[in-house]
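Work through these exercises with the model open. Each task is followed by a solution in steps.

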Amino acid sequence: MAALAGLAFAGPAFARCEGWVPQPKPQNVGRDVVGKDLDEIVERGWIEFAAYEDFPPWSWEEGGKVQGVDIEIGRLIAEALGVEPRFRLVAAGENLDADLRNYVWKGAVVGGRVSNVMLHVPYDSEYACRVEQVVFTGQYADEQIAIAYREDAYPEDPPVPAYFRIDTVAVENDSISDFYLTSFAGGQTAQGVRRYPSHAAAMEALAAGETMAAMGPLAQLEAGAGEGIAIHQPPLPGFAVSHWTAGVAVHMAYRSLGYAVDDAIRAGLEDGRIDAIFEQYGLTHLPPER
């Protein structure tokens with residue numbers, strides 16, 4: 001997804017935060033802009049989560065009802081805090097920086113406001129140095145790039161990226177899978193790429209026989225897989241960001257809220273409730289490397 005683009009600026013692991021110039025922090029602004037602390041949330045009785053719109057199986061609305069893995073994670077957090085969960089489905093921006101600015105620590109320029117917690121935020125240790133206005137916490141799952149394929153097209157050996165010099169593969173337009181296959185092996189696999197507006201649309205194309213394979217995050221491939229579709233995770237040479245951790249983001253001024261959210265997610269990981277959420281949606285839960 002576009003949010004991962006922000007992680008490309010992360011520095012070397014051996015020099016975490018070295019050389020980063022501290023960024024301006026919002027001061028003297030209304031509390032409706034910078035959010036609410038834990039005590040206020042508990043007192044008023046509800047917490048608002050920002051979640052990406054049209055993002056199955058993580059978060060989407062259907063028949064007037066919000067649903068998805070991230071929505072259930074939000075409900076788990078709210079239950080731990082003893083408050084009602086409320087969800088705000090938001091559009092993904094050009095990159096993660098924009099999403100955090102618009103939905104966590106500042107608000108959009110026109111009619112903008114922030115939410116208490118943003119769900120499904122990719123975590124990177126070095127990237128966290130750059131965005132000091134945000135606390136990255138509550139990692140609840142790893143995400144990995146995988147390849148889905150038609151079993152009748154590959155009855156013996158599952159496809160690897162080199163196959164797409166000739167074979168066709170569906171990807172979400174401008175996704176990291178799209179970028180990877182366009183440049184892999186000096187661009188030799190670009191001719192096999194077929195672009196679609198979403199991973200769901202790419203999987204629909206695969207099921208309809210328009211392509212032989214599809215490439216994208218494992219959960220989104222699993223959500224669209226049906227009969228005759230298999231998924232595997234082969235080595236992806238040269239793929240700089242083939243896996244990442246999903247967590248939440250909270251405004252830097254509300255550390256107690258961040259701690260409470262992290263405690264709720266940790267408890268859900270330890271007692272199996274988060275595993276059960278993924279199972280409910282027919283997905284593989286990859287535990288985070290905490």
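**Exercise 1. The largest cavity**

Task: Find which residues line the largest cavity, and which element supplies the largest share of the lining.

Solution. The lining consists of W58, D142, E143, Q144, P217, L218, A219, F278, T284 and L286. Keep in mind that this is a predicted model. Next, sort the lining by element. Strand β6 (134-150) and helix α8 (218-224) each give at least two residues. The largest share, 3 residues, belongs to β6. Now take the volume: the largest cavity holds about 50 Å³ of space. The structure has 2 cavities of 30 Å³ or more.

**Exercise 2. Helix α3 and the core**

Task: Decide whether α3 is largely enclosed or largely open, and state what it gives to the largest nonpolar core.

Solution. Start with the geometry. Helix α3 has 13 residues and spans 19 Å from first C-alpha to last, close to the 18 Å expected. Then count burial, using the cut-off of under 20% relative accessible area. The buried residues of α3 are V69, D70, I71, E72, I73, G74, L76, I77, A78 and L81. That is 10 of 13, so α3 is largely enclosed by the rest of the structure.

Turn to the core. It has 49 residues, and I47, I73, I77, L100, M118 and L257 touch the most other members. Helix α3 (residues 69-81) is the top contributor, with 7 residues. A second, separate core has 18 residues, among them I147, V169, F184 and A213.

Zoom in on I73. Beyond four places in sequence, I73 touches L119, Y140, I265, I274 and I277. Finally, look just past the helix: G82 follows α3 and has a positive phi, near 75°.

**Exercise 3. Two buried polar residues**

Task: Determine whether R130 is buried or exposed, and find the polar contact that its side chain makes with another side chain.

Solution. Locate R130 in helix α5 (residues 127-130). Its relative accessibility is 17%, so R130 counts as buried. Its side chain makes a polar contact with the side chain of D97, at 3.1 Å.

Task: Is N102 buried or exposed, and which residues does N102 contact beyond its neighbours within four places in sequence?

Solution. Locate N102 in helix α4 (residues 96-105). Its relative accessibility is 17%, so N102 is buried. Setting aside neighbours within four places, N102 contacts G107, A108, R113 and V114. Check R113: its C-alpha lies 7.3 Å from that of N102, with the two residues 11 apart in sequence.

Notes
Residues numbered from 1 in each chain as written. Predicted model: local features only at pLDDT ≥ 70, side-chain atom pairs only at ≥ 80, totals over all residues. Heavy atoms only, no water. Core = buried A, V, L, I, M, F, W, Y, C linked by side-chain atoms within 4.5 Å. Buried < 20%, exposed > 50% of the residue type's maximum accessible area, 1.4 Å probe, protein only. Helix = DSSP H or I, 4+ residues; strand = E, 2+ residues; numbered from the N terminus. Contact = heavy atoms within 4.5 Å. Polar contact = N/O pair within 3.5 Å; in protein donor to acceptor, adjacent residues only side chain to side chain. Expected span 1.5 Å × (residues − 1). 1 Å grid on protein atoms, 1.4 Å probe; cavity = no way out; pocket = protein on both sides within 12 Å on 5 of 7 lines; lining within 4 Å. Points joined across faces, edges and corners; volume = space filled by probe spheres on them.
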